[in-house]
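Grab a pencil and work through these exercises with the model open beside you. Try each task before you read its solution.

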Amino acid sequence: MADPGPDPESELESVFPREVGLFADSYPEKSQFCFCGHVLTITQNFGSRLGVAARVWDAALSLCNYFESQNVDFRGKKVIELGAGTGIVGILAALQGGDVTITDLPLALEQIQGNVQANVPAGGQAQVRALSWGIDHHVFPGNYDLVLGADIVYLEPTFPLLLGTLQHLCRPHGTIYLASKMRKEHGTESFFQHLLPRHFQLELAQRDEDENVNIYRARCSEVPAYKESQSSGSTSVRTPRRFLAPVLRGGGW
């Protein structure tokens with residue numbers, strides 16, 4: 001009997017595998033991270049809809065590690081996170097006792113809300129709200145003790161909008177923590193070296209060499225000054241990744 005040859009249906013499936021969610025507009029992936037004794041289960045909804053807001057970026061993990069290593073006290077503090085994406089930084093702040101508002105553009109709010117519900121117990125102080133820098137920041141109070149942001153400094157046209165938002169939100173004796181991948185091509189260094197120090201007392205709190213991530217601490221000041229790490233007592237570290245494992249990769253919604 002002659003060899004019938006390969007099955008056309010099988011060949012077609014090898015080229016176009018029928019994996020659930022492969023061609024979906026978005027697909028969720030759950031991962032776990034451990035900080036400050038909390039195991040956080042974070043869903044990242046990858047796809048064209050959320051774009052860069054979908055994933056947990058290295059700067060967010062570096063900032064969470066910093067909060068743990070420096071024992072940053074959130075108890076009783078009024079906290080806001082900008083450009084939250086997945087909300088992991090604000091969620092950790094809420095679990096550590098902060099009264100936290102987690103913000104981003106409207107498209108990202110569903111993802112953030114899902115992560116808040118999955119990680120913050122009932123009665124925890126974490127609310128999710130839309131905030132567009134330079135547009136509606138004035139509907140928020142200007143008395144936050146802590147303003148947080150991870151990898152939000154990468155589009156130069158947004159720098160003046162972000163700066164104005166930071167100036168409005170941070171109370172006179174408040175503190176801003178910004179963690180950022182230092183991308184020269186995106187003007188990130190210029191923002192921290194030239195723009196932000198004009199309005200805030202700025203210091204490099206920590207440098208993560210492995211991930212090329214800087215963590216800056218800023219405070220309101222009538223005479224802004226930028227301090228290099230050698231003079232500010234900051235540290236240069238190789239930050240351990242607190243990623244545990246992906247636990248789910250499902251189909252599109």
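**Exercise 1. Work out how many residues of each class line the largest pocket, and which ones lie closest to its centre.**

Step 1: Sort the lining by class. You get 20 nonpolar, 6 polar and 6 charged residues.

Step 2: Look at the space itself. The largest pocket holds about 710 Å³. Of its 32 lining residues, those closest to the centre are Val52, Gly83, Asp104, Ile152 and Tyr154.

**Exercise 2. This is a predicted model, so find out which stretches have a pLDDT below 50.**

Step 1: Start with the whole chain. The average pLDDT is 83, and 76% of the residues score at least 70.

Step 2: Now go to the stretches with low scores. Residues 223–233 have a pLDDT below 50, with 23 contacts in the model beyond near neighbours in sequence. Residues 235–253 are also below 50, and that stretch has 67 such contacts.

**Exercise 3. Describe the overall fold in a few numbers: how many helices and strands are there, and what share of the residues is buried?**

Step 1: Count the elements. The protein chain has 7 helices and 12 strands.

Step 2: Check the burial. Of the 253 residues, 46% are buried.

Step 3: Look at the outside. The accessible surface is about 12600 Å², and carbon and sulfur atoms account for 52% of that.

Step 4: Ask how far apart in sequence the contacting residues are. Among contacts with a separation of 6 or more, 70% join residues 24 or more positions apart.

**Exercise 4. Explain what catches the eye in the phi angles of Cys36 and Asn212, and say where these residues sit.**

Step 1: Recall the usual rule. Most residues other than glycine have a negative phi.

Step 2: Compare Cys36 with it. Its phi is near 55°, a positive value in a residue other than glycine. Cys36 sits in the loop between β1 (26–35) and β2 (38–47).

Step 3: Do the same for Asn212. Its phi is also positive, near 55°. You'll find Asn212 in the loop between β8 (200–208) and β9 (213–220).

Step 4: Add the accessibility. Cys36 has a relative accessible area of 22%, so it is partly exposed. Asn212 counts as partly exposed too, because its value is 27%.

**Exercise 5. Decide whether Thr43, Ala53 and Leu146 are buried or exposed, then list their contacts.**

Step 1: Use the cut-off. Buried means under 20% relative accessible area.

Step 2: Take Thr43, which is in strand β2. Thr43 is at 14%, so it counts as buried. Leaving out residues up to four places away in sequence, Thr43 touches Pro28, Glu29, Lys30, Thr86, Gln111 and Asn115.

Step 3: Move to Ala53, in the loop between β2 and α2 (58–69). Ala53 has a value of 15%, so it is buried as well. Beyond its neighbours within four places, Ala53 is in contact with Gly85, Thr86, Ala108 and Gln111. Take Gly85: it is 32 residues away from Ala53 in sequence, but their C-alpha atoms are 4.3 Å apart.

Step 4: Finish with Leu146 in strand β6 (residues 144–150). Leu146 is buried because its relative accessibility is 6%. Its contacts, again without residues up to four places away, include Asp73, Phe74, Val79, Ile80 and Tyr177. The C-alpha atoms of Leu146 and His173 are separated by 9.5 Å, with the two positions 27 residues apart along the chain as the sequence separation.

**Exercise 6. Find out how many residues of helix α3 are buried, then check whether Pro121 is buried or exposed.**

Step 1: Go along α3 (residues 88–95). This helix is mostly covered, with 7 of its 8 residues buried. They are Ile88, Val89, Gly90, Ile91, Leu92, Ala93 and Ala94.

Step 2: Step just past the helix. There, Gly97 takes a positive phi of about 105°.

Step 3: Turn to Pro121, in the loop between α4 (109–119) and β5 (126–130). Pro121 is at 52% relative accessibility, so it counts as exposed.

Step 4: Link the two regions. Pro121 and Leu95 are 26 residues apart along the chain, and their C-alpha atoms are separated by 8.5 Å.

Notes
Residues numbered from 1 in each chain as written. Predicted model: local features only at pLDDT ≥ 70, side-chain atom pairs only at ≥ 80, totals over all residues. Heavy atoms only, no water. 1 Å grid on protein atoms, 1.4 Å probe; cavity = no way out; pocket = protein on both sides within 12 Å on 5 of 7 lines; lining within 4 Å. Points joined across faces, edges and corners; volume = space filled by probe spheres on them. Nonpolar A, V, L, I, M, F, W, Y, C, P; charged D, E, K, R; others polar. Helix = DSSP H or I, 4+ residues; strand = E, 2+ residues; numbered from the N terminus. Buried < 20%, exposed > 50% of the residue type's maximum accessible area, 1.4 Å probe, protein only. Contact = heavy atoms within 4.5 Å. Areas by Shrake-Rupley, 256 points an atom, 1.4 Å probe, with all protein chains shown as cover. pLDDT = per-residue confidence, 0-100.
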